[in-house]
Amino acid sequence: MFETLCLASLFLVFTTVAPHLPGQHWLIRVWEFPRVQLVFLMVLCLAGWAYMYSIAPARSIVGLSLLLIGSVIYQCFWIIPYTRLGPREVSKVKQPNETRVFTILTSNVYMHNSNYQGLIDLVNKHNPAFLVTLESNDDWGDGLTPLHDTYPHRLACPLENLYGMHFYSQLPLDDAQIRYIVEDDVPSMQIELKIDGEPMTLYLLHPKPPSPTENKTAGPRDEELTLVGQEIADKQGPIVVAGDLNDVAWSPTTRKFRKLSHARDPRRGRGFFNTFHAKYPLIRWPLDHVFHTDHFDLVKIQRLPGYGSDHFPLLTTLQLTRAGESCESNSAPVSDEAPGC
């Protein structure tokens, strides 16, 4: 048991420092994802060391235990802001102004999933102003045809490589572009529209993850998020970023994106809202995101039930509270009832 605990402890300490090693290979960057699971395993190891110490006290046990305790504290530094113990970053609206409220439903449909009706039922139930589907191909485009009457304004980029994308809107689009920011086979969308007469920009993203079956490094994903973050920083007016970023909310890459773009995250102080993996509860983390500028406040955010995809859909309702104002970007948290900038 001693040898097993030693190996497990050293491995868990390695996973804590690995994301900060030089390089972008997936074997290094993958440890940014399961921080919650790693904390749980570290606590189990600490319990094992406590039992071992009660039998035969030793300095080596104390040393490894201290390393694990330090690792637990460090991992919690990243994840606590996304629990109810952390401060809330986005104000919640007490009395929504219905003319300035909109809902966006984002869903990675899993291309090989054919339960089109499952997603249609969720859309009909919640009636979002915008629907974003990721991993959607021609089959999904055809399967969601019953939504066309409700969503007359659409932009489609069906692909068979797991990176297709469709956008459905109840509101007219002033401009809509399909872009390939970094990789020629990974599209994104930039959409201009109006909420209650006020212009708003919507970025829809789905970069490839660092993994043995996709990109071997995190370089392209990190570059796309950096470029979009810099682009947002140079723009004025209300902006929303949504999609499956193939990155967890607490990773250094996403933190850098939010710092560059001055985007806020309505989940902070409210919960993880884990959207992946829908079929394996023990390996879940937040991969699907909705970020926004200071012009918005939160009405509601919730994870919806699954319908056969490996992702849960994410439903986010925002209010355009400060359109037309020059909000001073500020990453400092605000209280739940704060009026904003």
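The following paragraphs describe a sheet and a set of salt bridges in a predicted model.

The sheet is open and consists of six strands, arranged in the order E3-E4-E2-E1-E11-E10 with mixed pairing. Strand E3 (153–157) and strand E10 (296–303) each have a single partner strand, so one side of each lacks a neighbour in the sheet. From one strand to the next, the twist averages 10 degrees. Within this arrangement, strand E2 (residues 130–134) is antiparallel to strand E4 (residues 165–169), and five bridges connect the two. Valine 132 faces phenylalanine 167 of E4 across this pairing. Helix H5 (residues 116–126) packs on the sheet, where it touches E1, E2, E10 and E11; the direction of H5 makes about 170 degrees with that of E1.

Side chains of opposite charge can pair when their charged atoms come close. The model contains 14 salt bridges. In one of them, glutamate 89 meets arginine 258, with the closest N and O atoms 2.3 Å apart. Glutamate 89 belongs to the loop between helix H4 (59–79) and E1, and arginine 258 to helix H8 (residues 252–261), so this pair ties together parts 169 residues apart in sequence. Glutamate 89 counts as buried because its relative accessibility is 2%, under the 20% limit; arginine 258, at 10%, is buried as well.

Strand E10 also takes part in a salt bridge: its aspartate 297 pairs with arginine 322 in the segment after E11, 25 residues apart, at an N to O distance of 3.0 Å. Aspartate 297 is buried at 6% relative accessible area, and arginine 322 is buried at 5%. Elsewhere, salt bridges with shared partners join Arg29, Glu32, Arg221, Asp222 and Asp247 into one network.

Key. Residues are numbered from 1 along each chain as its sequence is written. This is a predicted model: local features need pLDDT of at least 70, side-chain atom pairs count only at pLDDT 80 or more; totals for chains, interfaces and linings use all residues. Side-chain values use heavy atoms; hydrogens and water are left out. Two strands pair if DSSP finds at least two bridges between them. Helices (H or I, at least four residues) and strands (E, at least two) are DSSP runs, numbered from the N terminus. Axes are lines fitted to C-alpha atoms, for helices over the stretch in contact, and angles run from 0 to 180 degrees between N-to-C directions. Contact means heavy atoms within 4.5 Å. A salt bridge is a side-chain nitrogen of Lys or Arg within 4 Å of a carboxyl oxygen of Asp or Glu. Buried means under 20% relative accessible area, exposed over 50%, partly exposed in between (1.4 Å probe, protein chains only).
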